[in-house]
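Colleague: Could you walk me through how this chain is put together? I would like to go through the helix packing, the sheet and the ligand site.

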Amino acid sequence: MIGRADAVAVLRHAGFVAAEEDAADLLAAAGDDMELEALLARRLAGEPTAWIVGHVDFLGIPVRVRPGVYVARWKSEQVARHAVSHLPVTGIAVDLCTGSGALAAFLRHARPRARVVATDIDAAAVACALDNGIEAHLGDLFEPLPPALRARVDVVVAVPPYVPDDMLALLPRDVARREPAHALAGGLGGLDVVERVVAAAGGWLRPGGALVVEAGIDQMDRVAGRMEDHGLVVDRVVEDGDGDPCGVCATTA
Ligand SMILES: C[S@@+](CC[C@H](N)C(=O)[O-])C[C@H]1O[C@@H](n2cnc3c(N)ncnc32)[C@H](O)[C@@H]1O
């Protein structure tokens, strides 16, 4: 028989930094000891806990996660919160690169009467976002959005891939080996997708609308610079729960 304390000890011994949380999630998902052992084995093999238990908590909302789909991170919570601050009660939001639809789900939760539309290039991600009740479309960035949304969107939020190619090998083993490269890899300097988001956002935002983009801690100046190059007015750098820069917000003139 294996209990919570054993599961924590096994995970900790294997070097899992969130052993307590992982063990609690696995225990809650397991029907009996045999199942717990099986789930534990999958975690020890490096599978993300969210894929094993089928959901992740994002700002208090349980978000369903299919295996193979990027697991929403804690640092993106402040990006989502900031996006909500630019979304009127009956406004329109677009969540680009939505993955499981975690940010879109939070926007809908916070503004139930707003329209929230999401896109992702990965069919598994779109299916997962649909599982979460999100109006999600398959395709490249803005391309699959209904054309009627042009110049009407209050806020565009994006957590695009932004890891520079030469940094991919340095990511924690679970992430680099399990999560899909197209969810992480941002090209040579990391900003290939971010730059395309910034370049096209102005055509979809209403006057005074906001673009909120997550990026790496050392990418803020470059992202802000691109935003200014495209005529956006940089409003602020968004900070994560630890006070570290995690995104940039800009508005149209
Ligand atoms: C870092 S993950 C973020 C997912 C989600 N926003 C979250 O925070 O949980 C990046 C996502 O962008 C998607 N993606 C990558 N390139 C894309 C593109 N050109 N157009 C739309 N989605 C893209 C990936 O499939 C992946 O789901």
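Here we take those topics one by one, bearing in mind that the model is predicted.

Colleague: How are H1 and H2 oriented to each other?
Modeller: Happy to start there. Helix H1 (residues 4-13) and helix H2 (residues 19-29) pack with their axes 8 Å apart, at an angle of about 135 degrees. Angles over 145 degrees would count as roughly antiparallel and 65 to 115 as roughly perpendicular. H1 and H2 are therefore oblique to each other.

Colleague: How many charged residues are in the contact of H1 with H2?
Modeller: On the H1 side, the contact is made by Arg 4, Ala 7, Val 8, Leu 11 and Arg 12. H2 brings Ala 19, Glu 20, Asp 22, Ala 23, Leu 26 and Leu 27. By class, there are seven nonpolar residues, no polar ones, and the charged residues number four.

Colleague: And is the crossing of H2 and H3 left-handed or right-handed?
Modeller: H2 packs with helix H3 (residues 33-44) at an angle of about 140 degrees, and their axes are 9 Å apart. Asp 22, Leu 26, Leu 27 and Ala 29 of H2 meet Leu 36, Leu 39, Leu 40 and Arg 43 of H3. Their contact has six nonpolar, no polar and two charged residues. As for the hand, the crossing of H2 and H3 is right-handed.

Colleague: Nice. What is the angle between H5 and H6?
Modeller: Helix H5 (residues 76-85) passes H6 in a right-handed crossing. Ser 76, Ala 80, Ala 83 and Val 84 of H5 make the contact with Leu 103, Phe 106, Leu 107 and Ala 110 of H6. That contact has seven nonpolar, one polar and no charged residues. The axes of H5 and H6 are 10 Å apart, and the angle is about 40 degrees.

Colleague: Let's turn to the sheet. Which strands are at its edges?
Modeller: Seven strands form an open sheet with mixed pairing, in the order E5-E4-E3-E6-E7-E9-E8. From one strand to the next, the twist averages 20 degrees. An edge strand here pairs on one side only, and the two are strand E5 (135-138) and strand E8 (233-239).

Colleague: Which residue stands opposite Val 117?
Modeller: Strand E4 (residues 115-120) pairs with E5 in the parallel sense, over four bridges. The partner of Val 117 lies in E5, and that residue is Glu 135.

Colleague: Which helix packs on the sheet touching E4 and E5?
Modeller: Two helices are worth looking at together. Helix H9 (residues 192-201) packs on the sheet against strand E3 (92-96), strand E6 (153-158) and strand E7 (205-214), and its direction makes about 170 degrees with that of E7. The helix that touches E4 and E5 has a direction making about 170 degrees with that of E5, and it is helix H7 (residues 123-131).

Colleague: Finally, the ligand. Which elements give two or more residues to the shell around the ligand?
Modeller: There are 22 residues around the ligand, of which Ala 72, Cys 97, Gly 99, Asp 122 and Ala 183 come nearest. The elements that give two or more residues to the shell are helix H6 (102-110) and E4.

Colleague: And how many residues of the shell around the ligand are nonpolar?
Modeller: Among the residues that come nearest are Ala 72 and Cys 97, and both Ala and Cys count as nonpolar. Over the shell, six residues are polar and three charged, while the nonpolar ones number 13.

Definitions and conventions
Residues numbered from 1 in each chain as written. Predicted model: local features only at pLDDT ≥ 70, side-chain atom pairs only at ≥ 80, totals over all residues. Axes fitted to C-alpha atoms, helices over the stretch in contact; angles between N-to-C directions. Parallel < 35°, antiparallel > 145°, perpendicular 65-115°, else oblique. Contact = placed C-beta atoms within 7 Å. Pairing = 2+ DSSP bridges. Near = placed C-beta within 6 Å. Left-handed = near helix turned anticlockwise from the far one by under 90°.
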